[in-house]
Amino acid sequence: MASKRLRPQVRTLLAREIARAGGREVCFVGVVDESGVVTEARPVARGTGDEVLALPGAAGRGEIVIHNHPGGDLEPSVADLNVAARLHDGGVGFAIINNAASELYVVVEVPRGKRAERLDPLDIVELLGPRGPVAARLGREHFEDRQGQRDMAAHLADAYNDGGVVLLEAGTGIGKSFAYLVPALAWARANRERTIISTNTINLQEQLVGKDLPLLRDALATPEHTPTFALLKGWHNYLCIARLESALASQQTLFEPDRQDELVGLAEWAGRTADGTLGDLAVQPSPEVWDEVAAEPDLCPRLRCPHFDRCFLFRARRAAAEADVVVVNHHLLAADLAIRGAQENWEEAAVLPPYRRLVLDEAHHLEDVAAAHLGAQVTSRGVRRLLNRFERNGKGLLSSLAHELMSQHDLLSRASLDLLNQRLVPALADARRFAEAVFRRLLGLLLESGSPLRLDSDFPRAPVWAEGLTQELDGALAQFQRLREDVETVADRMS
């Protein structure tokens with residue numbers, strides 16, 4: 001029996017396009033009416049017999065993404081569920097059909113907008129009062145009635161109702177975290193809309209996630225709704241299981257013996273850590289070891305990674321996508337804003353899941369963080385650290401790459417080994433030499449001036465350029481470009 005959720009002409013179009021693709025997977029975007037019936041559809045991508053791209057930008061709010069399972073089993077995979085969650089955050093539904101388009105399984109319905117339910121500021125105040133659930137959970141001996149806290153919570157309830165920007169100053173002892181968390185959790189319960197809480201310090205993050213939010217979850221839970229929360233950190237804070245395995249396989253050429261012991265210790269920790277982040281380590285690892293095992297967005301294959309289901313980073317991101325309150329720091333918030341600004345994406349997920357409500361705690365630090373994060377910064381230490389990842393005392397990525405290429409016996413591997421020895425190694429030495437010269441030149445200029453240098457409109461005409469900075473900077477940039485091109489050449493050959 002044909003699905004009643006598909007108009008006959010839509011069913012015909014879906015089946016025809018799948019047949020034209022040889023029964024492989026095809027991705028469609030459909031239009032859904034008020035009753036949930038798909039009234040129109042258009043193909044947007046074609047794939048293999050096992051998978052197809054689910055392009056999030058191809059569907060708009062109120063539409064539904066549909067793809068077929070050639071085998072006829074409409075059970076969603078883990079990858080399907082992750083795509084469905086991401087699309088739902090952008091206001092898009094997700095469904096699976098069989099090749100004949102006779103069966104339609106809707107994994108996620110198209111989200112329908114609804115009028116926001118307003119918070120009653122008096123109700124919010126009572127939650128924090130001496131007869132409220134928070135006081136009951138704390139116990140009489142630990143509860144302290146704070147008028148300033150309740151006033152602040154009432155102001156925030158009004159802000160949730162009316163929107164806009166509210167600036168509040170709260171002195172020590174007010175209890176500001178409860179004053180903004182209670183309205184945030186109440187709003188999430190009423191409207192199913194998350195709030196991002198951004199802080200500056202790790203101590204405050206740990207207090208919110210380890211103490212305040214668990215207490216409020218228990219105090220404000222109802223039979224219908226239990227508040228949820230998540231802590232989200234930047235990529236480099238998470239251990240990457242795939243990179244850890246790769247580092248273990250190449251540890252003899254990557255690290256000195258003491259660093260190899262450190263790597264083995266990290267592998268043992270990976271089997272028992274709760275969240276796989278730096279914060280869960282009793283002793284911080286050395287930068288050179290952590291750099292080789294930390295999650296990196298440019299190196300991550302996402303859904304194609306064999307460890308995706310148990311990946312620490314994506315497990316945290318899935319939890320954040322479902323949470324009422326997500327706690328981040330100002331650096332991660334700035335990264336999210338930078339990505340959204342570059343992509344002009346203010347509705348869908350970016351670094352953070354979609355959000356419309358934001359609380360900035362320790363907001364007086366935000367200006368410095370935003371200036372540092374949204375700007376560009378290059379340091380001598382950072383450049384040295386980057387180049388040391390390639391080679392340091394005979395260890396590093398070049399040594400591991402050479403070892404791998406020597407173990408192969410095909411022509412491309414031999415050609416790549418020649419390229420490594422004849423171009424990559426000299427380019428690395430030249431990049432070091434030119435980079436050190438640039439920083440030496442700038443340091444001399446800084447010491448000579450006796451005050452911070454301002455890169456104003458007059459700086460391009462300063463004498464230092466003619467004295468050698470132009471040649472040194474051009475040389476450094478040329479060698480870095482050479483390194484990049486040669487590494488990409490070898491990577492293409494190996495793939």
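**Notebook: salt bridges, crossings and a surface patch**

I began with Asp218 and Arg217, whose side chains meet in a salt bridge at 3.4 Å, N to O. I checked how much of each is covered. Asp218 is partly exposed, with a relative accessible area of 38%. Arg217 is also partly exposed, at 29%. I noted at this point that the model is predicted.

**Whole chain**

I then stepped back to the chain. The secondary structure comes to 18 helices and 9 strands. Along the principal axes, the C-alpha atoms fill a box of roughly 70 × 65 × 50 Å. I looked up the buried share too. Of the 495 residues, 43% are buried.

**More salt bridges**

How many salt bridges does the count come to? I got 27 salt bridges.

I picked out Asp361, which forms one with Lys176. The closest N and O atoms are 3.4 Å apart. This pair links distant parts of the chain, 185 residues apart. Asp361 sits in the loop between strand E9 (357-360) and helix H14 (366-374). Lys176 belongs to helix H6. I asked myself whether Asp361 is buried or exposed. Asp361 has 4% relative accessibility, so it counts as buried; the cut-off for buried is under 20%. Its partner Lys176 is partly exposed, with a relative accessible area of 29%.

Next I took Glu292 and Arg389. They form a salt bridge, with the closest N and O atoms 3.1 Å apart. Glu292 lies in helix H11 (residues 287-293) and Arg389 in helix H15 (residues 380-390), so the bridge ties together parts that are 97 residues apart in sequence. I looked up burial for both ends. Glu292 and Arg389 are both buried.

I also logged a network. Salt bridges link Glu17, Arg20 and Arg46 in it.

**Helix crossings**

I went back to helix H6, which covers residues 176-191. Its axis and that of helix H7 (residues 202-220) come within 11 Å. The two axes cross at roughly 50°. That angle is why I wrote H6 and H7 down as oblique to each other. Their crossing is right-handed.

I did the same for helix H13 (residues 330-343) and H14. Here the axes come within 9 Å and cross at roughly 50°. H13 and H14 are therefore oblique to each other. I recorded this crossing as right-handed.

**Positive phi**

I turned to backbone angles. Most residues other than glycine have a negative phi. Which value does phi of Ala101 take? I read a phi near 60°, a positive value in a residue other than glycine. Ala101 lies in the loop between strand E4 (93-97) and strand E5 (104-108). I checked its cover next. Ala101 has 0% relative accessibility, so it counts as buried.

Arg192 was my next entry. Phi of Arg192 is near 55°, again positive in a residue other than glycine. I found Arg192 in the loop between H6 and strand E6 (195-199). Is Arg192 buried or exposed? I noted a relative accessible area of 57%, so Arg192 is exposed; the cut-off for exposed is over 50%.

**A contact across the sequence**

I looked at Leu254 and Leu397. They are 143 residues apart in sequence. In space, I get 6.3 Å from C-alpha to C-alpha. Leu254 is placed in helix H9 (residues 251-254). At 4% relative accessibility, Leu254 counts as buried.

**Nonpolar patch**

I finished on the surface. Which residues make the nonpolar surface patch of about 500 Å²? I listed Leu443, Leu446, Leu447, Leu453 and Leu455. I followed up one of them, Leu453. It is in the loop between helix H17 (411-449) and helix H18 (463-494). Leu453 has a relative accessible area of 34%, so I marked it as partly exposed. A patch residue needs over 30% relative accessible area, and Leu453 has 34%.

Note on methods: Residues numbered from 1 in each chain as written. Predicted model: local features only at pLDDT ≥ 70, side-chain atom pairs only at ≥ 80, totals over all residues. Heavy atoms only, no water. Patch = residues over 30% accessible without salt bridge, like charges linked within 9 Å, V, L, I, M, F, W, Y side chains within 5 Å. Areas by Shrake-Rupley, 256 points an atom, 1.4 Å probe, with all protein chains shown as cover. Salt bridge = Lys/Arg side-chain N within 4 Å of Asp/Glu carboxyl O. Helix = DSSP H or I, 4+ residues; strand = E, 2+ residues; numbered from the N terminus. Buried < 20%, exposed > 50% of the residue type's maximum accessible area, 1.4 Å probe, protein only. Axes fitted to C-alpha atoms, helices over the stretch in contact; angles between N-to-C directions. Parallel < 35°, antiparallel > 145°, perpendicular 65-115°, else oblique. Left-handed = near helix turned anticlockwise from the far one by under 90°.
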